[in-house]
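I sat down with this model today and kept a notebook as I went. Here are my entries, in the order I looked things up.

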Amino acid sequence: MKKAASRGRPTLAERADRYTLYQKAVQAPDPEVKFMQRTYRRLRGRAPTSFREDFCGTAHLATHWVKGGAERTAIGVDISAEPLDWGKEHVLGIAAPSVQRRMRLVQADVLSAEVPRVDVIGAFNYSYCCFKERSVLLRYFRAAHAGLKKDGLFMCDLFGGTEAIATQADERQCDGFRYVWDQAQYNPITHEAMNHIHFRFRDGSSLERAFTYDWRLWSIPEVRELLLEAGFRSTEVWWDPIDEEHYRKTEVEEQQATWLVYLVGVK
Ligand SMILES: C[S@@+](CC[C@H](N)C(=O)[O-])C[C@H]1O[C@@H](n2cnc3c(N)ncnc32)[C@H](O)[C@@H]1O
């Protein structure tokens with residue numbers, strides 16, 4: 001995975017940590033936490049306190065949630081020990097003890113995790129797209145529904161647009177490295193897509209396929225229908241207006257090259 005320049009001393013890629021690079025290039029927990037608290041307050045008339053981050057990885061989002069208020073708690077659920085261990089050391093490990101005490105990280109499958117019910121469950125960065133069969137995504141949404149308190153809300157994101165199904169790579173410069181989002185394969189028959197993240201450095205070294213995502217690109221109506229089938233009473237779509245600060249609740253939009261939405265399942 002690490003491509004080294006042939007020199008004696010370690011390359012930038014060899015010295016890099018893929019989770020640190022991912023955090024810098026991809027993660028922005030603040031807008032997600034703001035969206036969740038604003039949406040919950042609008043629909044329920046009070047501030048949410050308990051949060052479960054599904055597919056939490058390093059639990060960056062869950063930690064940010066807990067830092068937002070002394071009454072807040074969070075549970076992070078991920079199936080894999082590696083990102084959880086990284087998060088325990090580099091995210092939770094550097095947070096204040098009062099934050100650490102109000103968080104729990106659980107290594108489990110989100111389809112079967114047994115954890116206390118919460119006000120809000122969030123599944124961000126399109127992680128549920130790893131569930132490629134309708135019956136499995138329905139099982140996940142049922143599990144999320146069951147994992148919420150009676151007035152709980154489920155929130156996730158989704159991307160699409162004419163370029164989402166194109167095999168292409170986009171690059172952008174980050175602090176000290178280039179981030180590459182590589183849409184390597186797309187199968188129109190199944191809507192399955194294979195995407196990679198590469199990190200490239202100025203000394204010519206790189207971390208190729210630092211992360212790989214083997215997804216089904218679900219459509220907005222498919223996700224909404226499955227949320228309703230799973231027991232949610234209603235759903236909302238919030239569109240990223242790109243040039244404005246706040247997402248807007250909407251039912252009609254024009255197609256774009258790329259779009260991002262937040263989807264809300266109302267229990
Ligand atoms: C795209 S990463 C998302 C990380 C983080 N949520 C973020 O926003 O950056 C996907 C994560 O989902 C986890 N995952 C995949 N399948 C899972 C499952 N069935 N149950 C729980 N976690 C799962 C992986 O281990 C990985 O850490």
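What follows is my run through the sheet, the hairpins, a pocket and a few single residues.

**Entry 1: ground rules**

I am working with a predicted model, in which local features need pLDDT of at least 70, side-chain atom pairs count only at pLDDT 80 or more, and totals for chains, interfaces and linings use all residues. Residues are numbered from 1 along each chain as its sequence is written, and side-chain values use heavy atoms, with hydrogens and water left out.

**Entry 2: the open sheet**

I started with the strand order. Eight strands form an open sheet, which reads E4-E3-E2-E5-E6-E13-E11-E12, with mixed pairing. Strand E4 (103-107) and strand E12 (248-249) are the edge strands with a single partner strand each, so one side of each has no neighbour in the sheet. For my own reference, helices (H or I, at least four residues) and strands (E, at least two) are DSSP runs, numbered from the N terminus. Two strands pair if DSSP finds at least two bridges between them.

Next I walked through the parallel pairs. Strand E3 (residues 73-78) pairs with E4 in the parallel sense through five bridges, and Ile75 has Arg104 in E4 as its bridge partner. Strand E2 (residues 50-54) is joined to E5 by three bridges, also in the parallel sense; there I found Arg52 opposite Ile121 in E5. Between E5 and strand E6 (residues 148-160) I noted five bridges, again parallel, with Ala123 opposite Cys156 in E6.

Then came the antiparallel pairs. E6 and E13 are antiparallel and share eight bridges, and Leu158 faces Val261 in E13 as its opposite residue. Strand E11 (residues 234-239) runs antiparallel to E13, with six bridges joining them; here Val237 stands opposite Leu263 in E13.

**Entry 3: E5 and E13 up close**

How many residues of strand E5 are buried? I got six of the six in residues 118-123, so E5 is largely enclosed by the rest of the structure. Buried means under 20% relative accessible area, exposed over 50%, and partly exposed in between (1.4 Å probe, protein chains only). For strand E13 (residues 259-266) I got seven of the eight residues buried, so this strand too is largely enclosed by the rest of the structure.

I also checked the link from E5 onwards. E5, helix H7 (residues 134-146) and E6 form a right-handed β-α-β unit. Right-handed here means that, with the strands pointing away from the viewer, the path from the first strand over the helix to the second runs clockwise.

One residue in E5 got a note of its own: Val118. With 2% relative accessibility, Val118 counts as buried. Its C-alpha atom is 5.0 Å from that of Ser50, although the two are 68 residues apart along the chain.

**Entry 4: two hairpins**

Strand E7 (residues 168-174) and strand E8 (residues 177-187) run antiparallel, joined by seven bridges. Cys174 has Phe177 in E8 as its bridge partner. The hairpin of E7 and E8 has two residues between the strands, and Gly176 in the turn has a positive phi of about 90 degrees.

E8 also pairs with strand E9 (residues 192-200), antiparallel and with nine bridges. In that pair, Trp181 is opposite Ile197 in E9. The hairpin of E8 and E9 has four residues between the strands.

**Entry 5: positive phi outside glycine**

His191 sits in the loop between E8 and E9. Its phi is near 65 degrees, a positive value in a residue other than glycine. His191 is partly exposed, at 34% relative accessible area.

Arg209 is not a glycine either, and has a positive phi of about 50 degrees. I placed Arg209 in strand E10 (residues 206-216).

**Entry 6: the second largest pocket**

Which residues line the second largest pocket? I listed Phe159, Gly160, Gly161, Ala164, Ile165, His191, Leu217, Trp218, Ser219, Ile220 and Trp259.A pocket, on a 1 Å grid over the protein atoms alone, is an open set of points where a 1.4 Å probe fits, with protein on both sides within 12 Å along at least five of seven lines; lining residues have an atom within 4 Å of a point.

The second largest pocket holds about 150 Å³ of space. Grid points are joined across faces, edges and corners, and a volume is the space filled by probe spheres set on the points.

By class, I noted seven nonpolar, four polar and no charged residues in its lining. Ala, Val, Leu, Ile, Met, Phe, Trp, Tyr, Cys and Pro count as nonpolar, Asp, Glu, Lys and Arg as charged, and the others, Gly among them, as polar.

Finally, domain 1 (2-16 + 162-215) and domain 2 (23-160 + 218-266) each supply at least three residues to the lining of this pocket. The domain bounds come from an automatic or database domain assignment.
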